[in-house]
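Student: I have a model open and want to know what backs up each label. Can we go through the reasoning?

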Amino acid sequence: MPHHKTALRLVAPVAVLALALTACGGGGDKADAKSPDTEKAKVFPSPEPASGGELETGESATGKVAEDPGEVTYEVVAQKVDVGTEAEAAKVVSEPDKVKGKVLAVAHVKYTHKSGPALTDGSDVHDGTTVFADGQRGSVLIGASEDATGCEDPYDVESWKQGESHVFCETYVIPANAKNVEVHWSEEDGEPYIWTFPNA
C-alpha cells in the first residue's frame, strides 16, 4: 500500500526532536563451542521461535509483550506512513535549522490483542516500533503523533481485551529525499519485523 502525503495535524505547537540512539545487538558474540553455556543450550534448547523479517504490505506479525498484569500476544501490522513536507517539519520543532532537508513521517500501526490478560492501565506494545528511511533510523519526534488523524494515544487506552484493536502512531524525522520508509516492530530482544513503503 503506498503511503499518503497529507498535511499532518500535530498535538503540540512545538514538538521535541529526540536524537535516535540504537542499541545494536551484535551477532559477533558467539559462545565457545565447549563452554558450559553452550552445553546447557544443547540440553535445554531455547523454546523461543525465530522472529523478525521482511513482510508484505498488509501482512501481520505476531509477538509477545510483557505487560502489566502479564504477557500479551499481539498481532501487529503497519498500515501506512504519512509523509509531510519540509515546511511542516520546520513548523513543529523548536530549532527549525535542525530539520532542514527533512520531513515528518507518521507511521500508523494497528495492534490487536490476541491472547493474554485484559489490560487496565495502558500498554507498552508500541515501544517496539521505530521508523527507518533507506535503512537508516530516523529521529523520533516526541509528542507529535497522538493527535494525528486516525491515531490513538496509547496512554489513553485504559481497557484492552482480547479481540480488540487500536492504532497507535509514531512520528519520526527522515531525509526528504528518502526513497523508502520502513516501519520496524520487534518484541523485546527480538529481531524486527519490517514493512517497506515507497516514498514516491
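**From value to label**

Tutor: Yes. Start with burial, and keep in mind that this is a predicted model. Cys151 is buried, and Cys169 is buried too.

Student: What makes a residue such as Cys151 or Cys169 "buried"?

Tutor: The cut-off is under 20% relative accessible area. Cys151 and Cys169 both get the label, so each falls under 20%. Across the protein chain, buried residues make up 40% of the 200 residues.

Student: How do you know that Cys151 and Cys169 form a disulfide?

Tutor: Check the sulfur atoms. Those of Cys151 and Cys169 are 2.0 Å apart. The limit is 2.5 Å, so the pair qualifies as a disulfide. A search of the whole structure finds one disulfide.

Student: Why is the disulfide of Cys151 and Cys169 called left-handed?

Tutor: Look at the torsion about the S-S bond. For Cys151 and Cys169 the value is about -85°, so the disulfide is left-handed.

Student: What does the pair Cys151 and Cys169 tie together?

Tutor: Cys151 sits in the loop between strand 8 (139-142) and strand 9 (165-175), while Cys169 is in strand 9. The pair therefore links parts that are 18 residues apart in sequence.

Student: Where do the helices come in the order of elements?

Tutor: The protein chain has two helices and eleven strands. From the N terminus, the order is β-α-β-β-β-α-β-β-β-β-β-β-β.

Student: What share of the contacts with a separation of 6 or more comes from residues 24 or more positions apart?

Tutor: In the protein chain, that share is 74%.

Technical notes. Residues numbered from 1 in each chain as written. Predicted model: local features only at pLDDT ≥ 70, side-chain atom pairs only at ≥ 80, totals over all residues. Heavy atoms only, no water. Helix = DSSP H or I, 4+ residues; strand = E, 2+ residues; numbered from the N terminus. Buried < 20%, exposed > 50% of the residue type's maximum accessible area, 1.4 Å probe, protein only. Contact = heavy atoms within 4.5 Å.
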